[in-house]
Amino acid sequence: MSTKQYDPYLGEEVIILEWRDLAACAGQDPSLFFPAGETGPAAEQIVQAKAICSTCEVTEECLTYAIETNQVSGIWGGLTEDERRPIRRRWLADRRRRTG
């Protein structure tokens, strides 16, 4: 999704893109990024999804979104659920330390 916003420095409206607009997966079949499991046909699906993610310029934003919103399924930021789980645990622990 994009929005228009007036830029006072340019003196005109500019289009502000969200990270999702720039994602390499935009326009791809979403089911590719949500394999059923991690073995058999799903393993090839994961390889294909990660190949697309490897060309993406917003993987960091994607991964951050997945961690912060607790996306428990799918390939986000080039990582599977199992690969994200320890990152999410560390993120939560850091967050608790900062707020607690």
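Here is a short chat about how some features of this predicted model get their labels.

Reader: What should I know before we start?
Author: This is a predicted model, so local features need pLDDT of at least 70 and side-chain atom pairs count only at pLDDT 80 or more, while totals for chains, interfaces and linings use all residues. Residues are numbered from 1 along each chain as its sequence is written, and side-chain values use heavy atoms, with hydrogens and water left out.

Reader: Why is W76 called buried or exposed?
Author: Buried means under 20% relative accessible area, exposed over 50%, and partly exposed in between, with a 1.4 Å probe and protein chains only. W76 sits at 14% relative accessibility, so W76 counts as buried.

Reader: And what makes Y65 count as buried, exposed or partly exposed?
Author: Its relative accessible area is 25%, so Y65 is partly exposed.

Reader: Why is the pair of Y65 and W76 stacked, edge-to-face or tilted?
Author: Rings of Phe, Tyr and Trp (its six-membered ring) pair if their centres lie within 6.5 Å; planes under 30 degrees apart are stacked, over 60 edge-to-face, and the rest tilted. Here the centres are 5.5 Å apart and the planes at 40 degrees, so the pair is tilted. Y65 lies in helix α3 and W76 in the loop between α3 and α4, so the pair ties together parts 11 residues apart in sequence.

Reader: How many aromatic pairs are there by this rule?
Author: The count comes to three. One of them is W19 with Y65, which is tilted, at 5.7 Å centre to centre and 50 degrees between the planes. That pair links distant parts of the chain, with W19 in helix α1 and Y65 in helix α3, 46 residues apart. W19, F34, Y65 and W76 form one aromatic cluster.

Reader: How do you know that the span of helix α4 agrees with what it should be?
Author: Helices are DSSP runs (H or I, at least four residues), numbered from the N terminus. The expected span is 1.5 Å times one less than the number of residues. For the 19 residues of α4 (residues 81-99) that gives 27 Å, and the end C-alpha atoms are 26 Å apart, which agrees.

Reader: Which residues of α4 are buried?
Author: E81, R84 and R88 are buried. What covers the buried residues of α4 includes α3, where contact means heavy atoms within 4.5 Å.

Terms used. Helices (H or I, at least four residues) and strands (E, at least two) are DSSP runs, numbered from the N terminus.
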